[in-house]
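Biologist: Please give me a close look at the inside of this one, and then work outwards from there. I'm a first-year student, so keep it simple.

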Amino acid sequence: MNLFNVYPLFEIHPVKGEGCYVYDDQETKYLDLYGGHAVISIGHSHPHYVNKITTQLQNLGFYSNSVQNKLQKELAQKLGKLSSCEDYHLFLCNSGAEANENALKLASFHNGKTKIIAFKKGFHGRTSAAVNVTDKATIQAPINKTFKAEYHELNHIESVESSLKQGDVCAVIIEGIQGIGGIEIPTTEFLEQLATLCKKYNAILILDEIQSGYGRSGHFFAFQKANITPDLITIAKGMGNGFPIGGVLIHPKFEAKYGLLGTTFGGNHLACAAGLSVLEVLEKENLIEHSKNLGDYFLHQLKTIEGIQEVRGSGLMIGLEFDFPIKELRKQLLFEEKIFTGSSSNPNVMRLLPPLNIQKEQIDFFIKKLTTVVKTYLAIHT
Ligand SMILES: Cc1ncc(COP(=O)(O)O)c(C=O)c1O
């Protein structure tokens, strides 16, 4: 059987990872500034992560959600404490799309409405409701378009308000920082106005922190720069450092009922062990503060490179906008300099999403290589 061919692949075969590096089958070492789509939070194969998952697997890998699982409670408590969201309740699932799917369902169960406001360039996943609020028509099948979704400009509160005023909006979904869209950042003022208006017009505010959460932005959640209390917060990616796990943080105003949500695999023992070990390392190694400090340093150093039109970001979630497509630069960095970087839906924007325990020397190394690669590119093309 052949694989269903949906991914354009680089001819690289990673077989090992350690910290901020991955190694291919020829033992070539790559600096990973992309974390496999923003997934690697505490570094590849962190020893605590490996030990905790291994030990758990030796005891019990899985049992269903029909029995008590104290690991789920431990995970919820630790997450509540580290994120300062202790009042919320946690529903565990397996991926980012699934987290958003459940959040959108909860919103609609709660107020009975169906229209969703989302934002241009936003991405929320590929399951049915999640993809219908994702601003990319080519990945929406006719079967996904079962409710009205409106896409507004990020940071333009007037158009959002005029829509909310109609009273038929079920929820507003917004990324803490837009990732795939090219590191577009909602302003603090916009987030605060959005929260106020959602309350006023009885719409649920869903913060998608799947990419921007878990310390990546230098806060536990990117929205926490603002003084807001979202109704629902969705998480995945960095939560499991590569182990598939996602979740929805649910404000206490939502009432739980048996059978309202459910999943076979969500919250299984192995996933909880992975999730707990990530939180333990984030706490022990102070990685959120580290992400803020190293992110500030990274942004500052990037701004010294000539040829980059705009450097933007928060913590270790960084976008570099050029006035030309970055495809060639990324290939050069990957194949010549052995550095992974990310693309975005904007062909001119490179994304940097390194493991949160990246070190200053690794940033300096990248700055040196990027400076040369950009200089060479500009010399050839201008
Ligand atoms: C902001 C955001 N939301 C949701 C998703 C979907 O997550 P998953 O691929 O785990 O379904 C992604 C994935 O890139 C994302 O970046």
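Modeller: Let's get one idea straight before anything else: a residue is buried if 20 or more other C-beta atoms lie within 10 Å of its own, exposed if 12 or fewer, and partly exposed in between, with C-beta atoms placed from the backbone. What you see is a predicted model, where local features need pLDDT of at least 70 and side-chain atom pairs count only at pLDDT 80 or more, while totals for chains, interfaces and linings use all residues. Residue numbers run from 1 along each chain as its sequence is written.

By that rule, 47% of the 382 residues in the chain are buried. Now for the inside you asked about. The largest nonpolar core (buried Ala, Val, Leu, Ile, Met, Phe, Trp, Tyr and Cys residues joined through C-beta atoms within 7 Å) holds 106 residues. Those with the most contacts inside this core are Ala107, Ile116, Ala171, Val172, Ile204, Ile206 and Leu232. Helix 8 (residues 269-284) contributes the most to the core, 10 residues. (Helices, H or I and at least four residues, and strands, E and at least two, are DSSP runs numbered from the N terminus.) Domain 1 (14-43 + 286-381) and domain 2 (47-284) both give residues to this core, so the core lies between them; the domain bounds come from an automatic or database domain assignment.

Zoom in on Ile116. Skip its neighbours within four places in sequence, and Ile116 is in contact (C-beta atoms, placed from the backbone, within 7 Å) with Leu104, Val133, Phe147, Ala149, Cys170, Ala171 and Ile173. Across the chain, 74% of the contacts with a separation of 6 or more join residues 24 or more positions apart.

Next, the place where the domains meet. The C-alpha centres of domain 1 and domain 2 are 26 Å apart. Their contact takes 24 residues from domain 1 and 25 residues from domain 2. On the domain 1 side, helix 9 (287-302), strand 11 (310-314), strand 12 (317-321) and strand 14 (349-352) each supply at least two residues. Helix 9 has the largest share of that side, with five residues. Sorted by class, the domain 1 side has 11 nonpolar, 10 polar and three charged residues. (Ala, Val, Leu, Ile, Met, Phe, Trp, Tyr, Cys and Pro count as nonpolar, Asp, Glu, Lys and Arg as charged, and the others, Gly among them, as polar.)

There's a ligand to look at, too. Around the ligand sit 15 residues (C-beta atom, placed from the backbone, within 6 Å), and the closest are Ser95, Gly96, Ala97, Gly125 and Ile210. Helix 4 (residues 96-111) provides the largest share of this shell, three residues. The shell splits into five nonpolar, eight polar and two charged residues.

Working outwards, find Glu27 in the loop between strand 2 (21-24) and strand 3 (29-32). Glu27 is exposed, as 8 other C-beta atoms lie within 10 Å. Its phi is near 65°, a positive value in a residue other than glycine. His37, which lies in helix 1 (residues 35-38), also has phi near 65°. With 14 C-beta neighbours inside 10 Å, though, His37 counts as partly exposed.

Finally, zoom out. The chain has 11 helices and 14 strands, and its C-alpha atoms fill a box of roughly 60 × 55 × 45 Å, taken along the principal axes.

How values were computed:
Two residues are in contact if their C-beta atoms, placed from the backbone, lie within 7 Å.
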